[in-house]
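Hi,

Here is the structure I promised to pass on. Have a look at it first, and then read my notes below.

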Amino acid sequence: MGSYRFLTTWLLECPRQDAWEALADCRDWPRWWRGVEEVTELRAGDQRRVGSAYRVTWRAPAVPYRVRFDFHVDEVDEPALMAGTAHGALQGTGTWRLFEQGGVCAVTFLWEVRTSRVWMRALEPVARPLFRAGHDRLMRGGGRDLSRLLGVRLLAAG
């Protein structure tokens with residue numbers, strides 16, 4: 001299976017709590033994040049969302065494939081950390097971390113996954129650059145879309 005490790009960082013001129021509220025409610029992502037086509041809640045968790053599960057469908061701009069997987073929320077420490085595990089087309093872990101200093105919120109997302117679909121594994125030797133580019137484009141767009149939603153300046157997205 002192809003394994004991938006992505007680290008995304010967004011710097012936004014906003015309070016950390018504002019970014020947290022937008023990111024913590026992933027059911028709302030399709031409304032503001034253009035790369036997210038659909039989010040369905042499979043199971044409600046506790047009041048912090050620990051134990052919740054979602055089916056998420058992503059499509060990176062200009063990339064001819066969709067990726068759907070289930071994501072289970074394992075850990076939440078508001079407004080600093082959300083982490084969980086993915087099952088389906090991608091398997092692995094994802095961790096959002098949010099920091100604030102001097103009026104700037106730094107959002108990081110560490111995504112460590114491997115592909116599980118036969119077609120993805122078969123194409124991985126030649127399509128790896130396409131998969132990486134699709135992920136990077138999707139995440140840069142997410143930073144822009146989040147800044148637009150919050151009405152704040154995006155200082156960096158990479």
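**What I found**

Let me start with Asp-145, which sits in helix α3, the stretch covering residues 118-150. Before going further, the ground rules: this is a predicted model, with residues numbered from 1 along each chain as its sequence is written. Local features need pLDDT of at least 70, side-chain atom pairs count only at pLDDT 80 or more, totals for chains, interfaces and linings use all residues, and side-chain values use heavy atoms, with hydrogens and water left out.

Back to Asp-145: is this residue buried or exposed? Asp-145 has 4% relative accessibility, so it counts as buried (buried means under 20% relative accessible area, exposed over 50%, partly exposed in between, with a 1.4 Å probe and protein chains only). Setting aside neighbours within four places in sequence, Asp-145 is in contact with Trp-32, Trp-33 and Arg-34 (contact means heavy atoms within 4.5 Å).

Helix α3 also holds Asp-136. With a relative accessible area of 32%, Asp-136 is partly exposed. Its C-alpha atom is 8.8 Å from that of Ala-60, although the two are 76 residues apart along the chain.

Ala-60 itself is in the loop between β3 and β4. It is buried, at a relative accessible area of 9%. Leaving out neighbours within four places in sequence, Ala-60 is in contact with Gly-134 and Leu-138. Thr-40 is 20 residues from Ala-60 along the chain, and their C-alpha atoms are separated by 19 Å.

**The chain as a whole**

The protein chain has 3 helices and 8 strands (these are DSSP runs, H or I of at least four residues for helices and E of at least two for strands, numbered from the N terminus). Read from the N terminus, the order is β-α-α-β-β-β-β-β-β-α-β. The radius of gyration is 15 Å, close to the 15 Å that the globule rule gives for 158 residues, so the chain is as compact as a globular protein of that length (the radius is taken over C-alpha atoms, and the rule is 2.2 Å times the number of residues to the power 0.38).

Along the principal axes, the C-alpha atoms fill a box of roughly 45 × 35 × 25 Å. Of the 158 residues, 45% count as buried. Among contacts between residues at least 6 apart in sequence, 53% join residues at least 24 apart. The accessible surface comes to about 8100 Å², and 50% of that belongs to carbon and sulfur atoms (Shrake-Rupley method with a 1.4 Å probe; for residues, only the protein chains shown count as cover).

As for charge, the mean positions of the 23 positive and 19 negative charges are 8 Å apart. Lys and Arg count as positive and Asp and Glu as negative, while His and the chain ends are not counted; the place of a charge is NZ of Lys, CZ of Arg, CG of Asp or CD of Glu.

**Following the strands**

How many bridges join β3 to β4? There are 7 between β3 (residues 53-59) and β4 (residues 66-77), and the two run antiparallel (strands pair if DSSP finds at least two bridges between them). Tyr-54 has Phe-71 in β4 as its bridge partner.

Next, β4 pairs with β5 (residues 81-88) in the antiparallel sense over 8 bridges, and Asp-70 stands opposite His-87 in β5. A hairpin through 3 residues joins β4 to β5.

From β5, 6 bridges lead to β6 (residues 90-101), again antiparallel. Ala-83 is bridged to Thr-95 in β6, and the hairpin from β5 to β6 goes through 1 residue.

Then β6 and β7 (residues 104-115) are joined by 12 antiparallel bridges, with Leu-90 opposite Thr-115 in β7. Their hairpin has 2 residues in between, and Gly-102 in the turn has a positive phi of about 55 degrees.

**Backbone oddities**

Most residues other than glycine have a negative phi, and most peptide bonds are trans. Two places to check against that:

- Arg-49 has a positive phi of about 85 degrees although it is not a glycine. It lies in the loop between β2 (36-43) and β3 and, at 27% relative accessibility, counts as partly exposed.
- The peptide bond from Glu-78 to Pro-79 is cis, with omega near -5 degrees. Pro-79 lies in the loop between β4 and β5.

Cheers
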